[in-house]
Each structure stands twice: as C-alpha cells, then as structure tokens.
Amino acid sequence: MVGALREVAAAFVAPRPSGVTVRDRLKHLTEADGKVLRLVGAHLGSLAGRDLAARCRDGLEHSAETWAVRKRELTAASSSRWAGSLTKATHDQWALARRGQAAYIQSLESGVKAISHRLSLPVGEKGAKRSPGGYRSKREWFHKTRRLHILENRLAQVGADREAGVVHVARGGRRLLNTRHNLDAAKLTETEWREQWETERWFLQADGESGKRFGNETIRISPEGEVSIKLPAPLTHLANARHGRYALAAKVRFPHRGQEWADRVEANQAVAYRIHLDVGRGRWYVTASWTFPVTRTIPMETALSQGVIGVDTNADHLAAWRLDTYGNPIGHPRRFFYDLSGSADHRDAQVRHALSRLLNWAKTCGVKAIAVEDLDFTAEKTREKHGRRRRFRQLVSGMPTGRLRARLTSMADATGIAIIAVDPAYTSKWGAQYWQAPLTGKTRKTTRHDAASIAIGRRAQGHPIRRRTTPPRDDQSDRRGHRIVQARPATLGREETRPRISGPRTRCVQPDAERTRATRTPKTVRDVRSDQERVQDPLLLTD
C-alpha cells in the first residue's frame, strides 16, 4: 500500500547575500611589524578570554548594566573601541554556543526517540517504508539499550545546562583542543601545536564605524592600502605614528571587489577588519567585511523568462540540464565535478571552481535563473536514523549543501543570475521515472542525476514533473482532447493538438475548389490521342 505523499513546498527566489568578505595578504612586513602584531594579538586575546569567562558566569542574568561594567574594565586595559569589539565578539560567541546547544539537544531527542521505537519492536521484525523495524539480533538490541541510557544521561545533563544558562566554549576551537591528545595522527609536535593554539586565541579584529575616517578607527586602511592599528594602553610605547597608532610597512590591495571596498573607504562607510596569522605558511592576512541592505528579489516570472538550468547536487559533482520556458530539456546534460577530500581550503576551492564553471555556462546560454534543491541534512545524519549504513551517513555528511548554496547565491549575485530554491521531495525518484528512459539513446546515456536536474528545473517553473498526463480511455485526442501538459493551466489552447491553420489538413475550412483543381495532380495519365478518332489498322494477311 502506497503511503500518502508529503506536501511539496512552493519554489522561491533565494534572497541576495547581505554582506561581503574579501581577503589580502600583508606582504613585506618587517620583523618589528610581526613582533607588534604578536604582542597586540596576545594581549587582546587574554582580555577576550577573561571577558568570555565573565559572560558565561552571568548566564541568563546578563543585563545592560553588567555589559557596561565589563566594558569599563576592558577600556582601562585597552581602549574604548577595542573594548566595544571585545564585548561584541564575546556576545556573538556566547549566542553561537547557545544555538549549538539547542541543535545538540534536538539531535539527542531524535536519537532517543528512534532507539526507543526500535527497542519496543520484536527482534528481527521488518520495518515499513518510512519507519524502521526491530534490531537484527539480541546482541545489537543489548548494545542499543546501553546507548539509550548514555543518550538519556547526556540529554538530561545538557537540558539542565540550558535551563541554567550554562554553555561550554573553547576559545581556539574544540577540534584543535582535541588534537592535543592525537599529535601523532595530526603529524604535529607539541611545539607546533602550541603555536597554533596560541595563535587561534589571539584577538585582532575591529568592527567598522560609519562616519569615522575610512570607516574604522581601530584598524584603519586608507584607499592607498596603508594599514595602521590603534595600540592598547599598555603597548602605546611601541607606537610609530601619532595618537598611539602603529603603521605597518605592508600595502594592502584587495584583488576581489577592490573598487567596491575603495568606494566605501573613501565615503567613510563602516568596514570591519580582522588580521590573522597562518602558522603553517608563516603569512599574515587581513580580511575586510561589510554589510549592505538586502534588496528585494526579482519576480519569479522575470527570472524564468529565458528558461532555467536545473542543478542536482551530489557528493562528487553537480548534474545540470538547461530547460526552455515550457520545461523541455535543451541540448545535452552537463556535469561539474569536484573533489571533497583533503583540507578545508582544498574542498572550498573545489566547490568554487565547480560553481564558476556552472555560472559561466549559464551566462553563455543566456539563462537568468538556476534552480537548486533546498536541502537540509541536519536531521538526516544521526547514526540512530540510518543504523549500520555508515557509508551512507558519511556520504550525506560530506555533501556541502549549505556552503554550496551560500556560495552559489553570492557568486550568482555578481553575474545577475537568480537562484531559485525548490523542495527536494521526490525529484530523484520522479525524474528517473519519467525522464531517464526517454532521454537515453544510442549516443547518450542519461543518468538518474541528469533526470533529477530536469525535475528540479520543471518544479521551479511550476510544471508537473511527469512528461504527459494519463492517456484518454480510447486514446483519441480528437474526442478527449490532447494530453500534453507542457503549458501552464491558464494558457489558452493548452489541450489542443496544434494551431488550427486554415486549409484542408485540419478540415476547419472547406478547401478551395479552383485552387485544388489547378494544383492537383491527376490520378491517371490522360492519353493525348483520346480526342482523336481511334482507327484500327487491318491485319495483314499473308500466305
């Protein structure tokens, strides 16, 4: 028995990005510059650690008065602007920890629910399509009872922490903290790990201020690329410029969106900066970021006026197919491969490269919209949901759905291409059912992912995924009407077979007798001697 299909959400145009982040390397730094940056980062990092500890102690009792007290204490040890950046970063980090805590509680509740359900069933009982069955053996059932107690204890502990407003934060990152116990696997020495740990705990970032000179008084970068830093109070003796500032010898030039950054700096609009050290390469970098008002997205009809490109996201490639305005696939499918192994920078570069090739192809085709699935695997990664399907869980966890959509939206905004998000329900299943076989030929093998890209594009356009409706009972389109569903329901004549052109072919207008007689080819060839008298010659009789 087939269960009820879940409701498919309507497609929508993804909003434009609300901010920009660009980065450039600080080249030609002197030894004195590196020393000053290290001292400032270490000093402000210690203040950030103390402020975060104070914020965590306040918990849910935090108020504007306690915030003001903390800021006054930091001002005496740094400056008023550094204190403002420190407290804001502290609040952002505490809020992020609270959101992560809520997500962890949701994951634990989902795991407890799944295990409890499977434990309540007899061992070996088969499950339905949308509900798992019992465990395979008594051994597995026993181990799952123990895991259930572990998850329940964790849930009770984390729930109590959330009620009390307690969060657990590791400045520098919990992953790097745990690496300390696995130095051999990470191929690091204790000295190298210590250097990375101290560097990640530094604080060298400042929020922008609109109306101030070059948009930031704490870390200031002029349109010519000159970088200067406001030194904290205990380090003002290191200043080499006026007003307790230190000017670096490096010149900054942002290759990406450099003109946009220069326009904001010259107009004294807010720009936030962050200076950080890449320990592995031994290079200093500066990151600039700013926000802008989110503009209204373009209407769906305008975005789909030149057709659409449907994109199916997979673990190692993007499957794309171009569709015309009626939902018909045009040309051949395209695949954009990427490799998600290796470091985070390598994976990010692979995703950017694949998206760049996709956008270049879209610009070549003249399409103004790309349809992607609105994927969210946050509830699909738990081991309790998929059981022993470890490779499937790793496959789902490795798909960069959130990062891919965010990067695609940001990169497409610069090219004027709209991103349409559609519900991913049944796209792979119905795409393979209705489109894979008809589009497979002797010279082209259509994959399941290619068919899914067609389904995604048709859903973005508002067309049904299936190619044709159910045939009439007697299969006579003249009596029942045509069964094609390419056009929209409101389009006039969508059920007709073809436009009615005057002439004998459609039998809607009587044929012109004179024109037909003049141009008609006779069925029999007339004898030229028919008008003459036929005379039969006598037979010659000879002896």
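**Reading contacts and burial**

Mentor: Start with one residue: Asp-348 has a relative accessibility of 12% and counts as buried. Keep in mind that this is a predicted model.

Trainee: Why does Asp-348 count as buried?

Mentor: Buried means under 20% relative accessible area. Asp-348 is at 12%, so it counts as buried.

Trainee: Which residue does the side chain of Asp-348 meet in a salt bridge of 2.7 Å?

Mentor: The partner is Arg-407, with the 2.7 Å taken from N to O. This pair links distant parts of the chain: Arg-407 lies in helix H13 and Asp-348 in helix H10, 59 residues apart. Arg-407 counts as partly exposed, at 29% relative accessibility. Arg-352 also belongs here, since Asp-348, Arg-352 and Arg-407 are linked in a network of salt bridges.

Trainee: How many salt bridges does a search of the whole structure find?

Mentor: The search finds eleven. One of them joins Glu-209 to Arg-81, with the closest N and O atoms 2.8 Å apart. Glu-209 is in the loop between E3 and strand E4, while Arg-81 is in helix H3, so this pair ties together parts that are 128 residues apart in sequence. Glu-209 is partly exposed at 24%, and Arg-81 is partly exposed at 32%.

Trainee: Which residue forms a salt bridge with Lys-251?

Mentor: Glu-226 does, and the closest N and O atoms are 3.2 Å apart. Glu-226 lies in strand E5 and Lys-251 in strand E6, so the pair ties together parts that are 25 residues apart in sequence. Glu-226 is partly exposed, with a relative accessible area of 45%.

Trainee: Now the rings. How many aromatic pairs are counted?

Mentor: The count is five. One is Trp-193 with Trp-197, a stacked pair at 5.6 Å centre to centre with 10 degrees between the planes. Planes under 30 degrees apart count as stacked. Both residues lie in helix H7, four residues apart, which is about one turn of the helix. Trp-193 is buried at 3% relative accessible area, and Trp-197 is buried at 11%. Trp-202 and Trp-284 form another stacked pair, at 6.1 Å centre to centre and 5 degrees between the planes. That pair links distant parts of the chain: Trp-202 sits in the loop between H7 and strand E3, Trp-284 in strand E8, 82 residues apart.

Trainee: Are Trp-202 and Trp-284 buried or exposed?

Mentor: Both are buried.

Trainee: A ring can also face a charge. Which residue has its charged end over the ring of Trp-193?

Mentor: Arg-180 does, 5.8 Å from the ring centre. Likewise, the charged end of Arg-23 sits over the ring of Tyr-285, 4.4 Å from its centre.

Trainee: Which residues form a nonpolar patch on the surface with about 270 Å² of accessible area together?

Mentor: Val-123, Trp-141 and Phe-142 do. Val-123 is in the loop between helix H3 and helix H4, and at 41% relative accessibility Val-123 counts as partly exposed.

Trainee: Last, the cysteines. How many disulfides are there?

Mentor: A disulfide is a covalent bond between the sulfur atoms of two cysteines. The count here is zero. As for cysteine burial, Cys-56 is partly exposed at 23% relative accessible area, whereas Cys-365 counts as buried at 18%.

Note on methods
Residues numbered from 1 in each chain as written. Predicted model: local features only at pLDDT ≥ 70, side-chain atom pairs only at ≥ 80, totals over all residues. Heavy atoms only, no water. Disulfide = S-S within 2.5 Å. Buried < 20%, exposed > 50% of the residue type's maximum accessible area, 1.4 Å probe, protein only. Patch = residues over 30% accessible without salt bridge, like charges linked within 9 Å, V, L, I, M, F, W, Y side chains within 5 Å. Areas by Shrake-Rupley, 256 points an atom, 1.4 Å probe, with all protein chains shown as cover. Salt bridge = Lys/Arg side-chain N within 4 Å of Asp/Glu carboxyl O. Helix = DSSP H or I, 4+ residues; strand = E, 2+ residues; numbered from the N terminus. Phe/Tyr/Trp six-rings, centres within 6.5 Å; stacked < 30°, edge-to-face > 60°. Lys NZ or Arg CZ within 6 Å of the ring centre and 35° of its normal.
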